[in-house]
Amino acid sequence: MKHADLQETTMSLLTEPLRHHHKHCDELFAAAEAAAVDCDWTVAQRLLPDFIAEMETHFRTEEEVLFPAFEAATGMTMGPTRMMRLEHAQMRDLFSQMRSTLVSRDGSGFAGVAETLLVLMQQHNMKEENILYPMCDQGLDGQTDTLAPELRERLGATCPETC
């Protein structure tokens, strides 16, 4: 294996658990949304908290581990990590709205909030996976051996083996 190939492999390891966790969260969201669309309120009320808990685990992992490490390594505190934190707050607000629509069994309200959340999540994940995560992989390359296991441990408790 050439040095450049080895470096590329090593660099991709840091944020790989977060990329896989995005997919895991997307699957949980789709299941909760499908139950609500089918007006299967019992299932939706069971699945939505699972999805939200996974999203909170993801957000906390980024906010408590990845973002501070990136900010310390680069000195950038008002850049992409600030924007991601703001978007996390927006999504948390939407989670609250979704909970309320389930309690009141408001299918059209749930669908509207779910559509807004889906668009925000897709845009957010694209920015992370195409901009921020590569910046982290490069900027934190020397810390991969310590940070990657912590990311996997935090996400792995609730995520399938792929995380």
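**Two cores and a buried arginine**

Visitor: How many disulfides does the count come to?
Guide: The rule asks for a pair of cysteine sulfur atoms within 2.5 Å. Go by that, and the number of disulfides is zero.

Visitor: Which pLDDT must side-chain atom pairs have to count here?
Guide: Residues are numbered from 1 along each chain as its sequence is written, and side-chain values use heavy atoms, with hydrogens and water left out. This is a predicted model, where totals for chains, interfaces and linings use all residues and local features need pLDDT of at least 70, while side-chain atom pairs count only at pLDDT 80 or more.

Visitor: Back to the cysteines: is Cys136 buried or exposed?
Guide: Buried means under 20% relative accessible area, exposed over 50%, and partly exposed in between (1.4 Å probe, protein chains only). Cys39 sits at 46%, so it counts as partly exposed. Cys136 has 0% relative accessibility, so it counts as buried.

Visitor: Which helix gives the most to the largest nonpolar core?
Guide: Such a core is a set of buried Ala, Val, Leu, Ile, Met, Phe, Trp, Tyr and Cys residues joined through side-chain atoms within 4.5 Å. The largest one has 24 residues, and Leu48, Phe51, Met55, Met91, Phe95, Met98 and Leu117 touch the most other members. Helices 2 (16-37), 3 (41-74), 4 (80-103) and 5 (107-139) each supply at least two of its residues, helices being DSSP runs of H or I with at least four residues, numbered from the N terminus. With eight residues, the biggest giver is helix 3.

Visitor: And how many residues are in the other core?
Guide: Apart from that largest core lies another one. Phe70, Leu132, Cys136 and Leu147 are among its members, which number 16.

Visitor: Which residues does Leu132 contact, leaving aside neighbours within four places in sequence?
Guide: Leu132 lies in helix 5 and is buried, with a relative accessible area of 1%. Its C-alpha atom is separated by 7.7 Å from that of Thr81, 51 residues apart along the chain. Contact means heavy atoms within 4.5 Å. On that basis the partners of Leu132 are Phe67, Phe70, Pro80, Thr81, Met84 and Lys127.

Visitor: Which residue's backbone oxygen does the Arg19 side chain reach?
Guide: Arg19 is found in helix 2 and, at 17% relative accessible area, it is buried. Not counting residues up to four places away in sequence, Arg19 touches Glu129, Tyr133, Pro134 and Asp137. The backbone oxygen its side chain reaches, at 3.1 Å, belongs to Glu129.

Methods. A polar contact is a pair of N or O atoms within 3.5 Å; within protein, one must be able to donate a hydrogen and the other to accept it, and residues adjacent in sequence count only if both atoms are side-chain atoms.
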